Amino acid sequence: MDIDPAVPQLSPPPVRAGRNLPVAIGVGAALGGLVILTLLTVKATFLLYVGVALAFALSELAAALAKRDINIPVIPVAAGGAATLTCMYWLGPRDALAALALTVIAIFAWRLPGGPSGYVKDVTAGIFATIYIPFLASFVVAMLMPADGPRRVLTFVILTVCSDIGGFAAGITLGRGGRHLMAPAISPKKTWEGFAGSVVACLIGGALCLPLLLHGHAWQGLLTGAAAVLAAILGDLVESMIKRDLDIKDMGSLLPGHGGVLERLDSLLAVAPVVWLMLVIFVR
């Protein structure tokens, strides 16, 4: 068919790539608002909030692994994880460690009726899920235990958010003239420009949070921020590596503009034990 050059041609609508940024910001603000609300009112509500988030994250991980015929013993992992978090808050770390050990034993036993085929694979995945989600999250609960616990947890959350926002802002501004990928085989969106932004934001966040929220010193905040940003980047890369191995784009779709719950928890889970340790050293 001939095309008349005098007749204007309709071009196809532009394809929009990436996530819906306004929606992502709105969802992130809502999640952060719930954190602040529960932290500054009743501690038990924050624990409930954490428990719900971890339950969704575990279900997403189990569904993702099931696509590769890896079946997590979800019931003992979920029950043992809840017991670990409960023991950490109400009884202390020694009882939480005992609950964690009993969870591993329960995973061994739970999978026995399924037969030998895939036993090692499923049990290993169950133990991995237990360590990755409830065990790392137990350090958030450990931060919450002291009298100034809400401010410790708030510091931890702020530093992790600083890493995300700083990395995003620097990635879309400094990266315009040429992106330098950190680990293209793992995360094609992670750049050194974004890493620099995360470092600057976390250092500033730490230098402000430690003196203002926890009566610490600015230099302690700088060290805490530096440790937090390294852990946050590692957590993000680990979750990306899991998705690459399973050949999936997102762990879930529950949170518009973000993907799954585990997408929001990956950095938080890795940062929690690091910030807990730094605050144990610096804050008395």
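The following legends describe close-up views of a predicted model.

**View 1. Surroundings of Thr-191 in strand S2.** Strand S2 comprises residues 187-191, and Thr-191 belongs to this strand. Thr-191 has a relative accessibility of 3% and is therefore classed as buried, the cut-off being under 20%. Its side chain lies 2.9 Å from the backbone nitrogen of Gly-194. When residues up to four places away in sequence are left aside, Thr-191 is in contact with Gly-171, Arg-179, His-180, Leu-181 and Met-182.

**View 2. Cysteines Cys-87 and Cys-162 in a structure with zero disulfides.** A disulfide is a covalent bond linking the sulfur atoms of two cysteines. Zero disulfides are found when the whole structure is searched. Cys-162 takes part in no disulfide, and the nearest cysteine sulfur, belonging to Cys-202, is 5.7 Å away; the cut-off for a disulfide is a sulfur pair within 2.5 Å. Cys-162 counts as buried because its relative accessibility is 19%. Cys-87 likewise counts as buried, at a relative accessibility of 17%.

**View 3. Helix H8 and the residue that follows.** Helix H8 covers residues 218-246 and contains 29 residues. At 1.5 Å a residue, a helix of this length should span 42 Å, and the end C-alpha atoms of H8 are 42 Å apart, so the expected and modelled spans agree. The expected value is obtained by multiplying 1.5 Å by one less than the number of residues. Asp-247 follows H8 and has a positive phi, near 60 degrees.

Terms used. Residues numbered from 1 in each chain as written. Predicted model: local features only at pLDDT ≥ 70, side-chain atom pairs only at ≥ 80, totals over all residues. Heavy atoms only, no water. Helix = DSSP H or I, 4+ residues; strand = E, 2+ residues; numbered from the N terminus. Buried < 20%, exposed > 50% of the residue type's maximum accessible area, 1.4 Å probe, protein only. Polar contact = N/O pair within 3.5 Å; in protein donor to acceptor, adjacent residues only side chain to side chain. Contact = heavy atoms within 4.5 Å.
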